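I set out to record where charged side chains pair in this model and what I could find of its interior. My entries follow the display.

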Amino acid sequence: MKTRHFLLALLASATLMATGQAAAQQQRPIRLVVPYAAGGPIDVTARMLAERVKDSLGTVIIDNKPGAGGNIGADIVAKAAPDGLTIGIAATATHAVNPWLYSKIPFNAATDFAPITQIVRVPNVLVMNAETAQRLKINSVADLIRYAKANPAKLNYGSGGNGSAGHLAGELFKKQAGIFALHIPYNGGNPAQLALLSGQVDFNFDNLATAAPNIRSGKLKAIAVTTLQRSSAMPELPPVADTLKGFSIDTWWGLVAPAGTPHDVVVKLNQAFVAALNAPETKTRFATLLAEPVANSPEQFGAFMKSELSKYEAVVKATGARVD
């Protein structure tokens, strides 16, 4: 009898221990890896969402891991345990451009990640330092091309790093326009914009969310948007495609987990973040960044990333851009 009571007590203790471990596991914070520097629009939107999913997912800690065009942070996510406790940002650069731009990349963008949901779509904009644009009498894409052709090798442009959307947009612009401008990569979008504001570089292809405050203040001159159509955020700006037919470089980012993350965990993450994206407060706050929330299913986001990966293979090869 004593043996039986002992075994029952042992079983109860084991059950309590397992329950406690499960509860502790659930209470552990989620790590959201942002493969870019703090302060940029990707970081800002990630922090907004982390705050909004507290009630459904618990604490979400933002971990900025910039470098190598986003590859360092993306690789951390790819190699993390597939338990739902490490997720990350997938962006145009990391999951559509870099696989074709870099000769070696430490992860497979097509197979090493489990899509959760897209987060946002943001127009890009061709901007110049306002004083530089006035001095060089550049008010349009045609003016910029005309000046570059008349003054070969005098222009340069900055970007948030090798492999960033800004870098690729610049290379595609140069190729289609038949001009040369020296590319100067920076470690993130903010340093690149500071370089433009200080006159260290002549023009950038930036996302509208980052550039808008300085455009409105008159420090930057917006020349054109890089979407095929005008943006509702600044409808007065023509598309680059009005001058260079077919020119289109979009910026997007979303959430992914490591491949192998259980389906039910991915669904739980998707539901929480989609609810956060659809909240009126989120839409209002994103609008201040000139960003359009995009909430979709893991399957939809996966199909979208696959199509973008295929699209940018052709774009990168057309530019001849390469990072070794």
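I looked up Asp 75 and found it buried, at 16% relative accessibility (buried is under 20% relative accessible area, exposed over 50%, partly exposed in between, with a 1.4 Å probe and protein chains only). Its partner Lys 79 is exposed at 57%. The two form a salt bridge with closest N and O atoms 2.5 Å apart (a side-chain nitrogen of Lys or Arg within 4 Å of a carboxyl oxygen of Asp or Glu).

I note that the model is predicted: local features need pLDDT of at least 70 and side-chain atom pairs 80 or more, while totals for chains, interfaces and linings use all residues. Residues are numbered from 1 along each chain as its sequence is written, and side-chain values use heavy atoms, without hydrogens and water.

I searched the whole structure and obtained nine salt bridges. One of them joins Asp 63 to Arg 31 at 2.8 Å; Asp 63 lies in strand β2 and Arg 31 in strand β1, 32 residues apart (strands are DSSP runs of E, at least two residues; helices are runs of H or I, at least four; both are numbered from the N terminus). Asp 63 is buried at 19%, whereas Arg 31 is partly exposed at 29%.

I then checked Asp 43 and Arg 47, whose side chains meet in a salt bridge at 2.9 Å, N to O. Both belong to helix α2, four residues apart, which means about one helical turn between them. Asp 43 is buried at 4%; Arg 47 is partly exposed at 38%.
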